[in-house]
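Please read the sequence and look over the model before turning to the notes, which are arranged by topic for a first reading.

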Amino acid sequence: MAWIKDTRWNWNNWRDVIFKAGDRADACYIIDSGEMTSMIMNAAEGAKPDTAVLKASAKVPYPLFGELALIHRAPRAATVKCRSDCDLAVLSLQEFRRVQS
């Protein structure tokens, strides 16, 4: 991951919202430390959102999230919030495309 040295890093506090469902996608994120919650709202009125916990682990040391909206050039499908203090690498659309090639 030598390319990551030029990448912008963000320190986020517990409960910070990284992005909301419907937001325009301009970056994706790599978790270096901390835990995030991803919430996708269900279509049924009054239904609870589908949630998932995102965090670094031995199997996935640097999980990526937010990339699908970049790939599909679509608004964000989920809201992502910090469950703890988090350290994130922020890849702009241009950086993401450079890394893909």
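The points that follow deal with salt bridges, nonpolar cores and the largest pocket.

This is a predicted model, and the structure holds two salt bridges. Its largest nonpolar core has twelve residues in all, while about 290 Å³ of space lies in the largest pocket.

**Salt bridges**
- Glu35, Lys55 and Arg83 are linked in a network of salt bridges.
- In one of the bridges the side chains of Glu35 and Lys55 meet at 3.6 Å, N to O, and this pair links distant parts of the chain, with Glu35 in strand β4 and Lys55 in strand β5, 20 residues apart.
- The side chains of Arg83 and Glu35 meet at 3.1 Å, N to O; Arg83 lies in the loop between β7 and β8 and Glu35 in strand β4, so the pair ties together parts that are 48 residues apart in sequence.
- Glu35 is partly exposed, with a relative accessible area of 23%, as are Lys55 at 43% and Arg83 at 40%.

**Nonpolar cores**
- Among the members of the largest nonpolar core are Phe19, Tyr29, Phe65 and Cys82, and the elements that give two or more residues to this core are β2, β3, β7 and β8.
- A second, separate core of eight residues includes Ile30, Ala69, Leu70 and Leu91.

**The largest pocket**
- Of the 16 residues that line the largest pocket, the closest to its centre are Phe19, Gly66, Leu68, Ala77 and Ala78.
- The largest share of the lining, three residues, comes from α1, and the lining residues divide into twelve nonpolar, two polar and two charged.

Technical notes: Residues are numbered from 1 along each chain as its sequence is written. This is a predicted model: local features need pLDDT of at least 70, side-chain atom pairs count only at pLDDT 80 or more; totals for chains, interfaces and linings use all residues. Side-chain values use heavy atoms; hydrogens and water are left out. On a 1 Å grid over the protein atoms alone, a cavity is a set of points where a 1.4 Å probe fits but cannot get out, and a pocket is an open set with protein on both sides within 12 Å along at least five of seven lines; lining residues have an atom within 4 Å of a point. Grid points are joined across faces, edges and corners, and a volume is the space filled by probe spheres set on the points. Helices (H or I, at least four residues) and strands (E, at least two) are DSSP runs, numbered from the N terminus. Ala, Val, Leu, Ile, Met, Phe, Trp, Tyr, Cys and Pro count as nonpolar, Asp, Glu, Lys and Arg as charged, and the others, Gly among them, as polar. A nonpolar core is a set of buried Ala, Val, Leu, Ile, Met, Phe, Trp, Tyr and Cys residues joined through side-chain atoms within 4.5 Å. Buried means under 20% relative accessible area, exposed over 50%, partly exposed in between (1.4 Å probe, protein chains only). A salt bridge is a side-chain nitrogen of Lys or Arg within 4 Å of a carboxyl oxygen of Asp or Glu.
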